[in-house]
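This report follows the structure from its sheet to its core, its charged pairs and its surface. The sequence and the model are shown first.

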Amino acid sequence: MAKMKYSYNIELSEYYTPEEIKKLFKSDRPQERRWFTSSGARKREEAKRRRELEAQMYARRMSPEQSKHQRTFYDGYLLYSKHYHSDSYAKNTIQKYDIFFEHHILPFFTKKEEKEKMLAMRAFDEEIQDQDISYKFNEINIVVTDEWKAYMKLQGATNSTVNEAIKIVKAMSTYLFQGEIIAKNTFEFTKKLHHRKKPTKCFTSRQAIRMIRRCKLKNRFKMAMILTLAFYTGMREGEILGLDVSNIDLDNNRIHVNDQYTRYELKDKLKTDCSRRVIKIDVAVSNEIRRYIKANNIKKGLLITNEKGKPLSCTNMMNRWFKPLLAEMKLNTEMTFHEIRHTYASIQLSSGVSYLFVSKQLGHATPDVTLKVYAHYIQEENMHELDIMSDKIKGYVEATNIFSIRRELIRRAAKKAA
């Protein structure tokens, strides 16, 4: 078969049979190729099907080693996109990944601007329109990644946004490398930008008591219960709103965290595996929950619901109850509900409670997370240990001081002479 001068990642004639080309295009002659298209959704669906078919044939025709080195960034994105769109990823994670790829990652690595300039110079050229001119993975180095960071900064991205984009492409590169799709882990050593995190804000214990009392005086008993659980257990807002009465063991003073209500869905999948935990609660908190259940005649189902008996959304709770409460009490209205979780951790650690216990209560993946976020609250707890260490060091310094040794020798000599 004669060579055909058409490139879409590869030369079609070198790797495709005429029958396969007919599947891709209406005609086997490149100058007359026209994909069966129509406007709107059908056109996008057909284009997607064509890309998938080309990717399959591309992988079949090329040798494994050749495929690894010739793989373009867009090819890798298509494979990784199928992976993170699977059921194992949460919807909000999928949405976040899609947004980052669309706005911060693909425009640079697929050379979108360069392609637009080529189209502008040559009017409308279908060959350029279909051509994949994106970077190949073996072309991406530290210079290219630095240019990408600069590109994102010029687009107005903050350092935290840039770091999140780097985190996503690292995950993609690792996935493709472990699957032996690319020859090396391209983004493994890409450095993140310096980003100073905002200091964690906390309520005081006095403010916590006043907020709960205020809700009870205003007959806002649901909000009072939410605040009680948040301040005294450190549970996340989604975990509180998704808490079922059957998961509360009042006899043994324990709460089993198995579900969460987030994005208008009740899910049994939590943030991490360690988020599925058993929280120990105080007797006073158990009595408070018992009184609430009895007053509202709750037999089964969720502990916190709206007026219609359906799950209460986080947005509804924040806008109707939490923010107005802060305004009424003249507290900082920029404080978020998650700050209550920080408050629980800070009070526990400052009171001398072990960080291992606090880590289990909060459902952190590892105790290192607790130490990283709340280490400054543990300093007061360990002051007595520093005093013991100081005494030991002081004794060692005294024992090795030359003047002390000389005085000790003079004392012994005088004692011997006497």
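## The sheet

Two strands are taken to pair if DSSP finds at least two bridges between them. In this predicted model, 3 strands form an open sheet in the order β3-β4-β7, and the pairing is antiparallel. Strands β3 (248–249) and β7 stand at the edges with a single partner strand each, so one side of each is left without a neighbour in the sheet.

The two pairings can be followed residue by residue. Strands β3 and β4 pair in the antiparallel sense over 2 bridges, and D249 stands opposite R254 in β4. On the other side, 4 bridges join β4 (residues 254–257) to β7, again with the strands running antiparallel, and here H256 stands opposite V278 in β7.

In a regular strand the side chains alternate between the two faces of the sheet. Strand β7 (residues 277–280) shows such an alternation, with R277 and I279 pointing to one face, where they are buried, and V278 and K280 pointing to the other, where they are not.

## Helix α12 and the nonpolar core

Helix α12 (residues 221–233) has 13 residues and reaches 18 Å from its first C-alpha to its last, which is close to the 18 Å expected at 1.5 Å a residue. Of its 13 residues 10 are buried, so α12 is largely enclosed by the rest of the structure. The buried residues of α12 are M223, A224, M225, I226, L227, T228, L229, A230, F231 and T233. Just after this helix, G234 takes a positive phi of about 75 degrees.

In soluble globular proteins, nonpolar side chains tend to be buried together. The largest nonpolar core in this model has 45 residues, and those with the most contacts inside it are L303 and F322. At least two residues of this core are supplied by each of α11 (205–217), α12, α13 (237–241), β4, α14 (283–296) and α15 (314–328). The largest share, 8 residues, comes from α12, the helix in which 10 of the 13 residues are buried.

## Salt bridges

Side chains of opposite charge can pair when their charged atoms come close. With a salt bridge taken as a side-chain nitrogen of Lys or Arg within 4 Å of a carboxyl oxygen of Asp or Glu, the count comes to 9 salt bridges. One of them is formed by R214 with E328, the closest N and O atoms being 3.4 Å apart. This pair links distant parts of the chain, with R214 in helix α11 and E328 in helix α15, 114 residues apart. R214 counts as partly exposed at 30% relative accessibility, and E328 likewise counts as partly exposed, at 31%.

E328 also forms a salt bridge with R220, and in that pair the closest N and O atoms are 2.7 Å apart. R220 lies in the loop between α11 and α12 while E328 is in helix α15, so the pair ties together parts that are 108 residues apart in sequence. R220, at 27% relative accessibility, counts as partly exposed.

A further salt bridge is found where the side chains of E307 and R320 meet, at 3.4 Å from N to O. E307 lies in the loop between α14 and α15 and R320 in helix α15, so this pair ties together parts that are 13 residues apart in sequence. E307 is exposed, with a relative accessible area of 57%, whereas R320 counts as partly exposed at 46% relative accessibility. Salt bridges that share partners join R214, R220 and E328 into one network.

## Two tyrosines in the later helices

Y344 lies in helix α16 (residues 338–350) and counts as buried, at 4% relative accessibility. The C-alpha atoms of Y344 and F203 are separated by 9.0 Å, although these residues are 141 residues apart along the chain.

Y355, by contrast, is found in helix α17 (residues 355–362) and is partly exposed, with a relative accessible area of 30%. Together with L356 and L371, Y355 makes a nonpolar surface patch of about 230 Å².

Conventions
Residues are numbered from 1 along each chain as its sequence is written. This is a predicted model: local features need pLDDT of at least 70, side-chain atom pairs count only at pLDDT 80 or more; totals for chains, interfaces and linings use all residues. Side-chain values use heavy atoms; hydrogens and water are left out. The expected span of a helix is 1.5 Å times one less than its number of residues. Buried means under 20% relative accessible area, exposed over 50%, partly exposed in between (1.4 Å probe, protein chains only). Patches are made of residues with over 30% relative accessible area and no salt bridge: like charges are joined within 9 Å, nonpolar side chains (Val, Leu, Ile, Met, Phe, Trp, Tyr) within 5 Å. Accessible areas come from the Shrake-Rupley method with a 1.4 Å probe; for residues, only the protein chains shown count as cover. A nonpolar core is a set of buried Ala, Val, Leu, Ile, Met, Phe, Trp, Tyr and Cys residues joined through side-chain atoms within 4.5 Å.
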